[in-house]
Amino acid sequence: MSAIPAGYKQTEVGVIPEDWEVARLSSVSRTPVQNGVFNEPARKGRGCKLINVGDLYTAAPIDINNLEKFDATKTEISKFGVTHGDLFFTRSSITPDGIAYCNIYDQTTREDIVFDCHIIRVQADNKKVDPFFLAKFCVTRPARIYLVANAKTTTMTTVDQAVIGGLPVPLPPLAEQRAIAAALSDVDALLAKVDQFIVKKRDIKQAVMQQLLTGKKRLPGFSGEWEVKPMKSLGNTYGGLTGKTKIDFGHGRARYIPFMNVMTDTVIDAEWLEAVDVASNEMQNLTQKGDLFFNGSSETPEEVGFCSVLLQDIPNLYLNSFCFGFRFNADAKINGLFFAYWFRSVKGRETMAVLAQGATRYNIAKSAFLRLELPQPTEAEQTAIATVLSDMDAEIAALEQRRNKTRALKQGMMQELLTGRIRLV
């Protein structure tokens with residue numbers, strides 16, 4: 001065990017400065033820890049706003065713009081009305097990870113809003129604790145460990161007021177609490193701006209896709225009508241791995257493309273491949289650079305036929321058994337990335353949804369897919385369009401990387417500030 005630094009002490013929340021205290025959450029609440037109003041379905045859709053469990057899982061603080069309406073009485077509004085700085089915790093969850101998830105209400109304008117009975121509220125005593133400091137601590141690892149460890153699990157994982165109220169919290173002097181909360185809120189504000197910028201860039205990309213992939217807008221230097229060809233004139237389909245059981249996966253010299261890699265990415269992520277044991281005498285279909293991949297079935301028609309393209313030469317690579325591949329003929333004058341973008345466009349998704357057949361589960365027949373007719377510009381125009389969209393994807397990826405680095409920085413800051421390793425005052 002490492003020595004405790006001078007000026008610090010060991011507590012149940014870890015090593016903290018000697019001038020910090022530790023208190024139970026209930027002792028810094030100005031009102032008893034409580035559940036919210038009973039949410040009767042017949043009273044939904046009118047009245048004041050209602051904070052539900054799902055509203056706590058959105059980005060902090062709680063977004064009040066899309067709250068459900070609930071016909072609360074004046075007595076209920078008086079008892080369960082929310083105020084600036086109120087902390088809310090989820091009372092139950094299907095999994096332990098979702099239990100006692102904390103969020104905060106930060107609005108200062110007066111508005112009638114109540115909270116659901118499946119939520120537990122703590123009203124911070126501003127004379128003892130800064131509520132925003134408290135909210136930051138309640139999502140840290142030490143707080144989560146305590147809350148999950150004290151939850152009860154049957155068919156659902158649940159906590160009660162006693163568990164929430166019993167959470168031990170570190171208490172720096174109030175001025176330091178406020179400085180810590182302000183510093184972390186500044187990082188949150190930066191993250192929010194980056195997230196908004198990413199959303200804006202994605203919306204712009206979707207609009208550009210709609211224009212370029214339908215020919216409504218042409219890039220400089222291109223004109224003339226596009227040809228319309230069936231997919232069977234361009235190549236043929238093939239299946240993924242067959243005859244495999246769970247003992248064949250997780251080891252072996254071969255690799256395969258997971259189902260979610262196809263679902264998630266326009267371009268196959270070469271770092272998201274998994275091991276599989278394939279004998280040299282097995283009759284399996286190897287993938288090739290330029291191949292397209294589609295998920296062939298799903299629970300809804302809207303989720304069938306997501307497309308990805310392989311743009312790297314990767315030896316000994318196979319496709320998972322829940323997807324099918326499409327290989328272009330050697331003489332086909334195409335750009336595979338253009339087709340991947342087309343199938344992920346609004347028009348492409350609508351087209352694949354129409355092909356999906358089924359009742360409880362929807363599938364795409366390869367024969368129907370091969371009859372599918374697509375408008376196709378020249379190979380040069382395909383490449384030009386794919387390049388524009390790929391550049392936009394690269395810009396979005398760079399923003400996402402910046403956001404992820406900022407999130408990691410915030411986690412580091414929280415660890416240092418909320419344990420007193422770094423002092424702001």
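## Exercises on pockets, cores and rings

Phe343 is buried, at 0% relative accessible area (buried means under 20%, exposed over 50%, partly exposed in between, with a 1.4 Å probe and protein chains only). The model is predicted: local features need pLDDT of at least 70, side-chain atom pairs count only at pLDDT 80 or more, and totals for chains, interfaces and linings use all residues. Residues are numbered from 1 along each chain as its sequence is written, and side-chain values use heavy atoms, with hydrogens and water left out.

### Exercise 1. The surroundings of Phe343

Task: place Phe343 among its contacts and its aromatic partners.

Solution.

Step 1. List the contacts (heavy atoms within 4.5 Å). Not counting residues up to four places away in sequence, Phe343 touches Met231, Leu292, Phe294, Cys307, Gly348, Arg349, Met352, Phe369, Leu372 and Leu374.

Step 2. Count the aromatic pairs. Rings of Phe, Tyr and Trp (its six-membered ring) pair if their centres lie within 6.5 Å; planes under 30 degrees apart are stacked, over 60 edge-to-face, and the rest tilted. The structure holds 15 such pairs.

Step 3. Classify one pair. The ring centres of Trp342 and Phe343 are 5.2 Å apart and the planes stand at 90 degrees, so this pair is edge-to-face. Trp342 is buried, at 3% relative accessibility.

Step 4. Widen the view. One aromatic cluster is formed by Phe294, Phe324, Phe326, Phe328, Phe338, Phe339, Trp342, Phe343 and Phe369.

### Exercise 2. The nonpolar cores

Task: find the residues with the most contacts inside the largest nonpolar core, and the elements that supply it.

Solution.

Step 1. Fix the term. A nonpolar core is a set of buried Ala, Val, Leu, Ile, Met, Phe, Trp, Tyr and Cys residues joined through side-chain atoms within 4.5 Å. In soluble globular proteins, nonpolar side chains tend to be buried together.

Step 2. Read off the centre of the network. The largest core has 38 residues, and Met231, Leu292, Phe294, Phe326, Phe339, Phe343 and Phe369 have the most contacts inside it.

Step 3. Assign elements. Helices (H or I, at least four residues) and strands (E, at least two) are DSSP runs, numbered from the N terminus. At least two core residues each come from α6, β19 (292-295), β21 (307-309), β23 (323-328), α8, α9 (346-355), α10 (366-371) and α11. Helix α8 gives the most, 7 residues.

Step 4. Look for another core. A second, separate one has 37 residues, including Val28, Cys102, Ala143 and Ile164.

### Exercise 3. Two pockets

Task: describe the linings of the largest and the second largest pocket.

Solution.

Step 1. Set the criteria. On a 1 Å grid over the protein atoms alone, a pocket is an open set of points where a 1.4 Å probe fits, with protein on both sides within 12 Å along at least five of seven lines; lining residues have an atom within 4 Å of a point. Grid points are joined across faces, edges and corners, and a volume is the space filled by probe spheres set on the points.

Step 2. Take the largest pocket. Its volume is about 990 Å³. The lining has 30 residues, with Ala59, Ala60, Lys136, Asp188 and Lys410 nearest the centre. Helix α6 supplies the largest share of this lining, 8 residues. By class, the lining divides into 14 nonpolar, 7 polar and 9 charged (Ala, Val, Leu, Ile, Met, Phe, Trp, Tyr, Cys and Pro are nonpolar; Asp, Glu, Lys and Arg charged; the others, Gly among them, polar).

Step 3. Take the second largest pocket. Its volume is about 610 Å³. It is lined by 17 residues, and Asp265, Thr266, Val267, Asp393 and Ala397 are the closest to its centre. Helix α11 gives the most to this lining, 6 residues. The classes are 6 nonpolar, 4 polar and 7 charged.

### Exercise 4. Positive phi

Task: characterise Ala100 and Asn316 by phi, place and accessibility.

Solution.

Step 1. Recall the background. Most residues other than glycine have a negative phi.

Step 2. Examine Ala100. Its phi is positive, about 55 degrees. Ala100 lies in the loop between β8 (92-93) and β9. It is buried, at 0% relative accessibility.

Step 3. Examine Asn316. Its phi is also positive, near 55 degrees. Asn316 sits in the loop between β21 and β22 (317-319). At 34% relative accessibility, Asn316 is partly exposed.
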